[in-house]
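Trainee: I would like a close look at a single part of this model, with enough of its surroundings to place it. Please take one helix and go through it.

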Amino acid sequence: MARSRDRGAAASCFLFLLFLVVGAAGTPEPSLQALSVPGGRSHLVLPLVLSRANSTRRSAVARRFLGRQLTANARMRLYDDLLTNGYYTTRLFIGTPPQEFALIVDSGSTVTYVPCSTCEQCGNHQDPRFQPDLSSTYEPVKCNVACTCDKEQKQCVYERQYAEMSSSSGVLGEDFISFGKESELKPQRAVFGCENSETGDLFSQHADGIIGLGRGQLSIMDQLVEKGVINDSFSLCYGGMDIGGGAMVLGEITPPPDMVFSRSDPVRSPYYNIELKEIDVDGKPLQLDPKIFDSRHGTVLDSGTTYAYLPEEAFIAFRDAIMSKLSLKQIPGPDPNYKDICFSGAGSDVSELSKFFPKVEMVFGNGENLSLSPENYLFRVHITINSLDVVNIMDKYCIIVRNTLVSYDRQNEKIGFWKTNCSVLWERLHIGGVPSPAPSENTHATMNDAPAPSPSVLFDHFEIGHITFDMTLNITYAKLLPHTEELAELIAHELEVDKNQVHLINITCEGNGTLMRWSIFPAGSSNFFSNTTVMDIISRLTEHRVHLPEGFGSYQLVEWNVEPPSRRTWWQWHTVALLVGVSMVILLSFTTLLVWYIWRRNKGPGQYRPVDSPLPEQELQPL
């Protein structure tokens with residue numbers, strides 16, 4: 001998500017926070033994953049133990065793929081929801097016809113699940129619940145010896161318990177899962193969870209569910225590899241501090257020549273791990289015993305965990321080494337409940353941070369190094385006070401792999417890292433078909449969809465009647481509501497359209513933020529946009545080139561959608577004319593009757609005649 005640029009005279013100060021969370025004394029217990037979300041809550045996930053039988057099955061799969069390269073893969077966009085929710089999401093489509101869901105990308109989970117229409121205890125999430133009855137290809141997974149069965153011994157069930165008292169449970173079903181129109185991989189049948197109950201953060205989160213990329217039979221990766229449709233690898237690429245978003249690939253991509261690798265041992269841990277041996281700050285290694293990074297599971301990579309964690313001893317050494325290289329002013333953090341280490345005076349330009357903060361390198365067991373720029377170990381806090389009284393707005397969190405392509409090569413038991421701009425990943429890898437935002441209900445993929453062309457090609461084939469987009473702002477509903485007209489004018493200015501073209505469709509409260517839906521209509525009496533105008537508006541939205549004043553806080557583009565012009569029948573187009581015509585006829589008839597009535601009334605019974613006055617002779621009529 002792009003940070004708002006400076007506009008107006010609001011007093012502001014940009015802070016950069018060194019934030020690597022201190023673990024418990026000594027090496028933290030790695031059998032629990034920690035998921036931190038805004039508000040200070042901790043989400044601890046109980047691990048799923050990798051059995052020997054599963055390891056043997058995976059080895060057999062790996063042997064089957066030796067010497068065989070598959071070219072198809074699923075390419076999907078990642079949505080940066082860190083600011084408001086603390087996670088990344090992607091779009092997945094389940095069923096026939098497809099039903100769309102926003103799922104948290106979690107390499108530490110092994111089950112993909114979405115809320116079921118029969119759920120009696122599910123929260124209100126981003127999309128409607130999955131309705132098995134509306135999918136012609138849905139089948140429940142019948143009870144068998146390889147699963148846990150329901151009380152009636154008819155259907156397989158799943159249950160996930162979390163240490164913070166969150167939970168998810170439901171039944172297992174099988175249906176077609178599709179990955180969007182940008183994917184080379186055609187829809188595949190896969191087993192997933194249909195939730196009947198969720199509690200805790202799972203109940204209150206905005207995302208619909210989780211896409212599990214971990215190691216296990218129910219993992220979407222294991223199922224696709226078992227079918228032989230993709231190679232045993234997937235990749236994630238998170239956008240930078242001022243970009244956000246990112247990309248995900250299920251399947252193999254050709255690694256760049258300068259990609260750095262670390263061994264990952266699937267037998268040692270059910271989680272994806274690396275062999276971290278050393279951390280260097282400004283070219284000098286921290287004085288630490290390498291065993292500090294080599295506990296039970298090793299150093300774990302988990303896309304479902306927001307922050308980076310270090311053992312306390314390693315964190316203290318890292319903090320001291322960073323601070324010894326700085327000449328910036330240290331100031332208190334925005335939240336007095338946390339001992340954040342903050343500095344001011346580094347400016348707002350991310351590309352200039354390396355002038356103030358030292359270079360950091362992670363050294364792996366094989367001697368290869370991964371360089372970390374300041375945006376990889378810092379997150380930015382913006383503090384401003386203005387007419388809207390917006391204070392303490394967190395802009396980005398500490399993500400070690402920002403602007404880094406991370407390839408999980410499960411087949412060869414290694415994980416690769418490649419520093420890159422994730423917003424132009426496809427061009428740098430020479431892969432066609434840059435992913436666009438996920439399709440809406442009007443552009444759902446079907447079971448026979450081929451890989452879609454780029455949006456510019458798609459728009460050449462039909463007219464666009466209006467553009468809608470959803471955005472979240474990190475400002476409360478009550479403070480934003482009186483300024484919606486001002487915001488509409490600002491959006492119109494940034495999109496270079498007339499303010500009369502921008503319409504607020506809906507505004508709702510979402511936690512401490514606000515969710516807004518906007519619609520952009522064609523100018524004047526035109527019924528549709530030109531393709532050039534559509535591409536310009538969409539590129540400004542998706543590339544975060546809409547810059548708002550600091551008073552409106554930071555914003556996140558949730559999704560966008562284009563719709564064709566309304567197709568009216570002859571009667572719909574001429575309804576007004578017909579109504580006017582009928583009204584005129586009724587009015588004219590009424591006027592005529594009124595004039596006749598007045599004329600009759602004024603004429604009276606006729607002139608007076610005496611009784612004996614002569615009358616004109618009249619001809620007798622025959623009887």
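Mentor: A residue is called buried here when its relative accessible area is under 20%, and exposed when that value is over 50%. With that cut-off, the helix to examine is α10, whose buried residues are Val534, Ile537, Ile538, Ser539, Arg540 and Leu541. Keep in mind that this is a predicted model.

Helix α10 covers residues 531–542, which makes 12 residues. From its first C-alpha to its last, α10 reaches 16 Å, close to the 16 Å expected at 1.5 Å a residue. An α-helix has 3.6 residues a turn, so residues three or four places apart point the same way. The buried set can be read with that in mind: Val534, Ile537, Ile538 and Leu541 are in it, and Ser539 and Arg540 are buried as well.

What covers these buried residues includes both strands and a helix. The strands named are β31 (466–473), β33 (513–520) and β34 (555–563), and the helix is α9 (484–495). After α10 comes His544, with a positive phi near 55°.

Now the surroundings. The chain holds 12 helices and 34 strands, and 52% of its 623 residues are buried. Among contacts with a separation of 6 or more, 71% are between residues 24 or more positions apart. The chain exposes about 30200 Å², of which carbon and sulfur atoms supply 55%.

Another part of the chain offers a second helix with its packing described. Four strands form an open antiparallel sheet there, in the order β20-β19-β25-β26. β20 (284–285) and β26 (369–372) are at the edges with a single partner strand each, so one side of each has no neighbour in the sheet. Helix α4 (residues 312–323) packs on this sheet and touches β19 (276–281) and β25, its direction making about 20° with that of β19. Strand β25 (residues 360–364) runs antiparallel to β26 and is joined to it by 4 bridges. In the β25–β26 pairing, Glu361 has Ser371 of β26 as its bridge partner.

Last, the confidence values. The chain averages a pLDDT of 75, and 72% of the residues score at least 70. Over residues 1–69 the pLDDT is below 50, although this stretch has 215 contacts in the model beyond near neighbours in sequence. Residues 432–461 also stay under 50, and the model has 62 contacts for them beyond four places in sequence.

Note on methods:
Residues numbered from 1 in each chain as written. Predicted model: local features only at pLDDT ≥ 70, side-chain atom pairs only at ≥ 80, totals over all residues. Heavy atoms only, no water. pLDDT = per-residue confidence, 0-100. Contact = heavy atoms within 4.5 Å. Pairing = 2+ DSSP bridges. Helix = DSSP H or I, 4+ residues; strand = E, 2+ residues; numbered from the N terminus. Axes fitted to C-alpha atoms, helices over the stretch in contact; angles between N-to-C directions. Buried < 20%, exposed > 50% of the residue type's maximum accessible area, 1.4 Å probe, protein only. Areas by Shrake-Rupley, 256 points an atom, 1.4 Å probe, with all protein chains shown as cover. Expected span 1.5 Å × (residues − 1).
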